[in-house]
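Trainee: Could we go through this structure together, one step at a time, with the reasoning spelled out?

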Amino acid sequence: GKEFYSNGERVYLECSNCKGIFVRREDLPDADKEKERYLSHNNDVNDLRYREFVSPIVRSVVENFDPQDHVGLDFGAGTGPVITKILSELDYKISAYDPFFLPDADLLKNSYDFIAC
């Protein structure tokens, strides 16, 4: 990608294909710093603001997949797997995976109709 922005600490790049913004690999945090950052989040599955934040993903699943015929994965569910909780409440079959907090690697061997990440 081409340089999009630099703040003196990190260089942000823009994908020439999808226009997504990302940082260089060398600017990514190591696993310990990444986990520490996630632990600072207050992701309560019952928090209405958090549920509203993920509502576009939930709405997309509901509009495109039937709970009786489709199975999903919440990849990167974190400490508060709100997408899993909401879709489970709507009778969807969905599993939660997170490399730090729910690291069940067997889930990654399965096929899914939808993946929220």
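Mentor: We begin with a term: a residue is called buried if its relative accessible area is under 20%, and exposed if that area is over 50%. Please keep in mind throughout that this is a predicted model.

Trainee: With that term in hand, how many of the 9 residues of helix α1 are buried?

Mentor: Helix α1 covers residues 31-39, and the cut-off for a buried residue is a relative accessible area under 20%. Helix α1 lies largely in the open, because the number of its 9 residues that count as buried is 0.

Trainee: At the start of α1, which residue has a side-chain oxygen that reaches to the backbone nitrogen of D32?

Mentor: The place to look is the start of α1, where the backbone nitrogen of D32 has a side-chain oxygen within 3.2 Å. The residue that supplies this oxygen is D30.

Trainee: In the sheet, which strands stand at the edges?

Mentor: Strands of a sheet pair through backbone hydrogen bonds, either parallel or antiparallel. Here 3 strands form an open sheet in the order β1-β2-β3, with antiparallel pairing. Two of them have a single partner strand each, so one side of each is left without a neighbour in the sheet. The strands at the edges are therefore β1 (2-6) and β3 (21-23).

Trainee: Which residue in β3 is the bridge partner of Y12?

Mentor: Strand β2, residues 11-14, pairs with β3 in the antiparallel sense over 3 bridges. Within this pairing, L13 has F22 as its bridge partner in β3, while the partner of Y12 is V23.

Trainee: Which residue takes a positive phi in the hairpin of β1 and β2?

Mentor: Strands β1 and β2 run antiparallel and are joined by 4 bridges, and K2 has E14 as its bridge partner in β2. The hairpin they form has 4 residues between the strands, and the residue with a positive phi near 90 degrees is G8.

Trainee: Turning to the helices, how many nonpolar residues does the contact of α3 with α4 have?

Mentor: Two packed helices are described by the angle between their axes and the distance between the axes. Helix α3 (residues 55-64) and helix α4 (residues 82-89) pack at an angle of about 40 degrees, with their axes 10 Å apart, and α3 passes α4 in a right-handed crossing. In this contact, I57, V58, V61 and V62 of α3 meet I83, I86 and L87 of α4. By class there are no polar and no charged residues, and the number of nonpolar residues is 7.

Key: Residues are numbered from 1 along each chain as its sequence is written. This is a predicted model: local features need pLDDT of at least 70, side-chain atom pairs count only at pLDDT 80 or more; totals for chains, interfaces and linings use all residues. Side-chain values use heavy atoms; hydrogens and water are left out. Buried means under 20% relative accessible area, exposed over 50%, partly exposed in between (1.4 Å probe, protein chains only). Helices (H or I, at least four residues) and strands (E, at least two) are DSSP runs, numbered from the N terminus. A polar contact is a pair of N or O atoms within 3.5 Å; within protein, one must be able to donate a hydrogen and the other to accept it, and residues adjacent in sequence count only if both atoms are side-chain atoms. Axes are lines fitted to C-alpha atoms, for helices over the stretch in contact, and angles run from 0 to 180 degrees between N-to-C directions. A crossing is left-handed if the near helix is turned anticlockwise from the far one by less than a right angle, and right-handed if clockwise. Contact means heavy atoms within 4.5 Å. Ala, Val, Leu, Ile, Met, Phe, Trp, Tyr, Cys and Pro count as nonpolar, Asp, Glu, Lys and Arg as charged, and the others, Gly among them, as polar. Two strands pair if DSSP finds at least two bridges between them.
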